[in-house]
Structures are given as C-alpha cells and as structure tokens.
Amino acid sequence: MNLLYDWIRNENVQAWAELTNHLAVVDCTDEFYEAEDLLEELHEPGMEPERDTVAVWDGNRLVGFAQLRVGHQLREGLSRVSITGGVHLEYRRQGVGTKLMDILESRARQKSAQLHPGAPAAVDMWGNALGHSAGAMAEARGYLPARYFQDMTVKAEGFRKSSMEL
C-alpha cells in the first residue's frame, strides 16, 4: 500500500466531507458534515492547516484524516489539546491511525509548548463506543477513559402539543 500523507487544503474539503460522512455511518456517530462546514474549520482562529491537519491519500481517494486544536486558555492549569480524525473502514488495522496519531501527538507537544510555555498538556480524543477500534487504539497508546456519553431518546406519545403550532 502506497499512501501519501499530506495536509488538508481548501480543495480537499469535498473529499474530507465524503470521508467524515462515511465514518458517521460506519461508526454510528451521526457526525455528518458539509464541505462548507469543514472549510470553516480550516480557517478558524489558531488553525494552521499545513501543520494541524493530516490527510491520507490512496491515489485520488482520501482514506484518513486527523486534525488538532489547542485551547487558547489553560483549563485547570492544563493546555488542552483535542485530536480528531478517522480512517476509512477498508483501511483500518493497517497502521494508518497509528501514524496519524504519531504525527499529531508530536505536533500537539510542539504547539502546546508554543502557546502555553511550561504548562503541562492533556490530549483528548474521541474513542467512540466501548470496544470501538479508536478507543482500543487510544488505550493501547496510554490514553485513559475520562468521560462517557449516553444518547437518550423519548417517544413523543403521551406528550401534549403546544398551543403554538409552527
């Protein structure tokens, strides 16, 4: 497998949206994005796409991505770093996610030290549901579960309609 690791450019946002929407389906995250939303992420304050994003290409196909953000303020005395990303289902368990994490953890140390000299850093990543490959990779890298989220729904039966109809 001959993959190219690069950064995410403006012209890549449609492929990035397609990959994130694929991941939303296969990982059951409901995190669907339009290309315009992702373009905004590339230009948010503090983002340096050429250093804070990674795109993994197999030919013309985007098969993995990662990005990081470092908070502008310390929280509880810590520089907070968030790493997000994903790997196309067909390319998992082949070292792509590991290489993405290697690249962005190194960048996280550098950017955190630059923005918050001398402050310890905490790196957060989303591990998805228990037993999911991202969570397993995170634990193998020494990450510890910090928070769990639970989705809850309620059936609309039995609720009275508001007197205001929209």
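Which residues does Leu100 touch, not counting residues up to four places away in sequence? Leu100 touches Tyr5, Val54, Val56, Phe65, Ala66, Gly86 and Val87. That list is a good way into this structure, which is a predicted model.

## The overall picture

The protein has 166 residues, and 35% of them count as buried. Its chain forms 5 helices and 5 strands. Starting at the N terminus, these elements follow the order β-α-α-α-β-β-β-α-β-α. If you look at contacts between residues at least 6 apart in sequence, 65% join residues at least 24 apart. On the outside, the accessible surface comes to about 11,000 Å², and carbon and sulfur atoms account for 52% of it.

How far can you trust what you see? The mean pLDDT of the protein is 86, with 84% of the residues reaching 70 or more. Among the elements, β2 has the highest mean pLDDT, at 98, while helix α5 (residues 133–140) has the lowest, at 74. As a reading tip, where pLDDT is low, the predicted coordinates should not be read in detail.

## Two nonpolar cores

Now back to the inside of the protein. The largest nonpolar core has 18 residues, and Leu100 is one of those with the most contacts inside it, along with Leu3, Val56, Leu68, Ile83, Val96 and Leu104. At least two residues of this core come from each of β2 (53–58), β3 (61–70), β4 (79–87) and α4 (96–115). Helix α4 gives the most to this core, with 5 residues. Apart from it lies another core, made of 13 residues, including Ala17, Ala35, Leu38 and Trp57.

## Helix α2 and its two faces

Two residues of that other core, Ala35 and Leu38, bring us to helix α2. This helix spans residues 35–42, and its residues Ala35, Leu38, Glu41 and Leu42 are buried. Viewed down the axis of α2, the buried residues fall within an arc of 115°, so they line one face of the helix. The general pattern helps here: an α-helix has 3.6 residues a turn, so residues three or four places apart point the same way. The face of α2 turned away from the buried side carries the exposed residues Glu36 and Glu40. Among the parts that cover the buried residues of α2 are α1 (13–26), α3 (49–52), β2 and β3.

## Charged pairs

Side chains of opposite charge can pair when their charged atoms come close. In this protein the count comes to 10 salt bridges. Three of them are set out here, with the distance between the N and O atoms.

| Salt bridge | N to O distance |
|---|---|
| Arg51 and Glu48 | 3.4 Å |
| Arg107 and Glu48 | 3.0 Å |
| Arg61 and Glu90 | 3.3 Å |

Glu48 appears in two of these rows, pairing with Arg51 and with Arg107. The pair of Arg107 and Glu48 links distant parts of the chain: Arg107 is in helix α4 and Glu48 in the loop between α2 and α3, 59 residues apart. Arg107 counts as buried because its relative accessibility is 4%. Glu48, at 23% relative accessibility, counts as partly exposed, and Arg51 is also partly exposed, at 34%.

The pair of Arg61 and Glu90 likewise links distant parts of the chain, with Arg61 in strand β3 and Glu90 in the loop between β4 and α4, 29 residues apart. Here Arg61 counts as partly exposed at 33% relative accessibility, whereas Glu90 is exposed, with a relative accessible area of 53%.

Some salt bridges share partners, and these join Glu48, Arg51, Asp52, Arg107 and Lys111 into one network.

## One more stop on α4

Is Ser112 buried or exposed? This residue of helix α4 is buried, with a relative accessible area of 3%. Leaving aside neighbours within four places in sequence, Ser112 is in contact with Val70, Ser79, Val81, Pro117 and Ala121.

Helix α4 thus makes a handy landmark as you turn the model. It gives 5 residues to the largest nonpolar core, holds Arg107 of the pair with Glu48, and is the place of Ser112.

Key. Residues are numbered from 1 along each chain as its sequence is written. This is a predicted model: local features need pLDDT of at least 70, side-chain atom pairs count only at pLDDT 80 or more; totals for chains, interfaces and linings use all residues. Side-chain values use heavy atoms; hydrogens and water are left out. A nonpolar core is a set of buried Ala, Val, Leu, Ile, Met, Phe, Trp, Tyr and Cys residues joined through side-chain atoms within 4.5 Å. Buried means under 20% relative accessible area, exposed over 50%, partly exposed in between (1.4 Å probe, protein chains only). Helices (H or I, at least four residues) and strands (E, at least two) are DSSP runs, numbered from the N terminus. Contact means heavy atoms within 4.5 Å. pLDDT is the predictor's confidence in each residue, from 0 to 100. The arc is that of the directions from the helix axis to the C-beta atoms. A salt bridge is a side-chain nitrogen of Lys or Arg within 4 Å of a carboxyl oxygen of Asp or Glu. Accessible areas come from the Shrake-Rupley method with a 1.4 Å probe; for residues, only the protein chains shown count as cover.
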